[in-house]
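Trainee: I have a new model open and want to learn how to read it. Could you take me through it?

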Protein chains: 2
Amino acid sequence: MNKDNPRHEVFGAMQSFGVNSVMFRNAIGKKLGLNITDIGCLNYMLIKTKSTPGELSRYTGLTSGATTSMLDRLEKLRFIRRVPNPKDRRGTMIELQPEARSMILPFLAGAQAAQQELLKEFSDDELEIVTRFVNSFSTSIQDQTDQIDL
Amino acid sequence: MNKDNPRHEVFGAMQSFGVNSVMFRNAIGKKLGLNITDIGCLNYMLIKTKSTPGELSRYTGLTSGATTSMLDRLEKLRFIRRVPNPKDRRGTMIELQPEARSMILPFLAGAQAAQQELLKEFSDDELEIVTRFVNSFSTSIQDQTDQIDL
DNA sequence: TCTTGAATATCAAGTATCTTGATAATACAG
DNA sequence: CTGTATTATCAAGATACTTGATATTCAAGA
């Protein structure tokens, strides 16, 4: 039970990262005058670019009704846009508006610059290891979420 | 601009991890009948064990008033407990109740088992690299959050 | 010491958001 | 085609959040 064992430390590091990235997006949301739900949704849309109300409902943990009104708010603010889904006429595709990106990017610029600096400290081989670990970890959590949702 | 370059992929991996871990805790929160705010707070408490209303307010992005009523809810459910802070008589320390851990741990058991399996795929040296990267990344985000909050 | 300004957390009133349950349109399986 | 499931929306009521005021304590300086 050695505390210096990397087999234990890596989980704590991942947890802290999760906490810190939530705090980061909350801080940006506050600057933009958005509530916690809405900035959470935008964060997701920045990563995925396209989504659907159903998927966003699962991500945010909201009911379908609350998701509708969240999307109403974000659409009125021109952050996102509802587009008909040609594959399924019941469904709606959600797209991030280009203006949304340009509203948010200024807040991310500093972080991105800092991250580029950080990258210099690691070799390609090392980054490949990190990516492989994080992706496996991420997939594992995804599987476990599906287990719980059953 | 090679897409297979690990220098690009690692950020996407970290982002996906952030998204997936949020969805994971939301799923657990739903099972426990907790709202999104409250499970977010408990997630933080599981990591930190002890905190304060002020710190939780910053993490959740809530105002102090909303933090008070969140803590009222969690205290009534016996997930947390308010304890006077001997170092500062204005302040209150928030402690996770042992019962809270035993309520939540069953939902984490499967994930923890899967993560132990995952660990076997990596050497100590590799995990040391991952930990170093994630910790640096995490600290960097923390710094950027402070910049925004100014 | 005494005073002033900042930081802690709480409370009450008003506002915003979320849940519930119902509805409509479409998809899909038998 | 028929019945059931899935998708998203809406309206009403319940819940949670923000704002602004308050009380207590701390920390720094006269």
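Trainee: Let me start small. Which residue is the bridge partner of Ile80(B) in strand 3 of chain B?

Mentor: Remember first that this is a predicted model. To read a bridge, take a residue on one strand and look across to the paired strand. Here Ile80(B) has Leu96(B) as its bridge partner. The two strands involved are strand 2 and strand 3 (residues 92-96) of chain B, which pair in the antiparallel sense over 5 bridges.

Trainee: In what order do the strands of that sheet in chain B lie?

Mentor: Read the order across the sheet, not along the sequence. In chain B, 3 strands form an open sheet, and the order is 1-3-2. The pairing is antiparallel.

Trainee: Why is one side of strand 1 and of strand 2 of chain B left without a neighbour in the sheet?

Mentor: Count partners. Strand 1 (50-51) and strand 2 (80-84) of chain B each have a single partner strand, so they stand at the edges and one side of each has no neighbour in the sheet.

Trainee: Now chain A. How many helices and strands does chain A have?

Mentor: Chain A holds 6 helices and 3 strands. Follow the sequence and the pattern reads α-α-β-α-α-β-β-α-α. Its C-alpha atoms fill a box of roughly 55 × 40 × 25 Å along the principal axes.

Trainee: What is the strand order in the sheet of chain A?

Mentor: The 3 strands of chain A form an open sheet in the order 1-3-2, with antiparallel pairing. Strand 1 and strand 2 of chain A are the edge strands, each pairing on one side only.

Trainee: Over how many bridges does each of these edge strands of chain A pair with strand 3?

Mentor: Take the pairs one by one. Strand 1 (residues 50-51) joins strand 3 (residues 92-96) of chain A over 2 bridges, in the antiparallel sense. Lys50(A) is partnered by Glu95(A), and Ser51(A) by Ile94(A). Strand 2 (residues 80-84) of chain A pairs with strand 3 over 5 bridges, again antiparallel. There, Arg82(A) has Ile94(A) as its bridge partner. Ile94(A) in strand 3 is thus a bridge partner of Ser51(A) and of Arg82(A).

Trainee: Into which domains is chain A divided?

Mentor: Look for the bounds, then the spacing. Domain 1 of chain A covers 17-113, and domain 2 covers 120-150. Their centres, taken over C-alpha atoms, are 23 Å apart.

Trainee: How many residues does each chain bring to the contact?

Mentor: Start an interface with its residues and its area. Chain A gives 63 residues and chain B gives 63 residues. About 6200 Å² is buried between chain A and chain B, with 69% of it on carbon and sulfur atoms.

Trainee: What about polar links? How many salt bridges are found across the interface of chain A and chain B?

Mentor: The count is 2 salt bridges. One of them links the side chains of Arg132(A) and Glu126(B), at 3.5 Å from N to O. Between the chains there are also 14 residue pairs in polar contact, both residues at pLDDT 80 or more.

Trainee: Which helices of chain A each supply at least two residues of the side that touches chain B?

Mentor: Helix 1 (6-32), helix 2 (36-48), helix 3 (53-60), helix 5 (98-119) and helix 6 (124-149) of chain A. By class, that side of chain A has 32 nonpolar, 20 polar and 11 charged residues.

Key:
Residues numbered from 1 in each chain as written. Chains lettered and ligands numbered in written order. Predicted model: local features only at pLDDT ≥ 70, side-chain atom pairs only at ≥ 80, totals over all residues. Heavy atoms only, no water. Contact = heavy atoms within 4.5 Å. Buried area = accessible area lost by both parts, 1.4 Å probe. Salt bridge = Lys/Arg side-chain N within 4 Å of Asp/Glu carboxyl O. Polar contact = N/O pair within 3.5 Å; in protein donor to acceptor, adjacent residues only side chain to side chain. Helix = DSSP H or I, 4+ residues; strand = E, 2+ residues; numbered from the N terminus. Nonpolar A, V, L, I, M, F, W, Y, C, P; charged D, E, K, R; others polar. Domains from an automatic or database assignment. Pairing = 2+ DSSP bridges.
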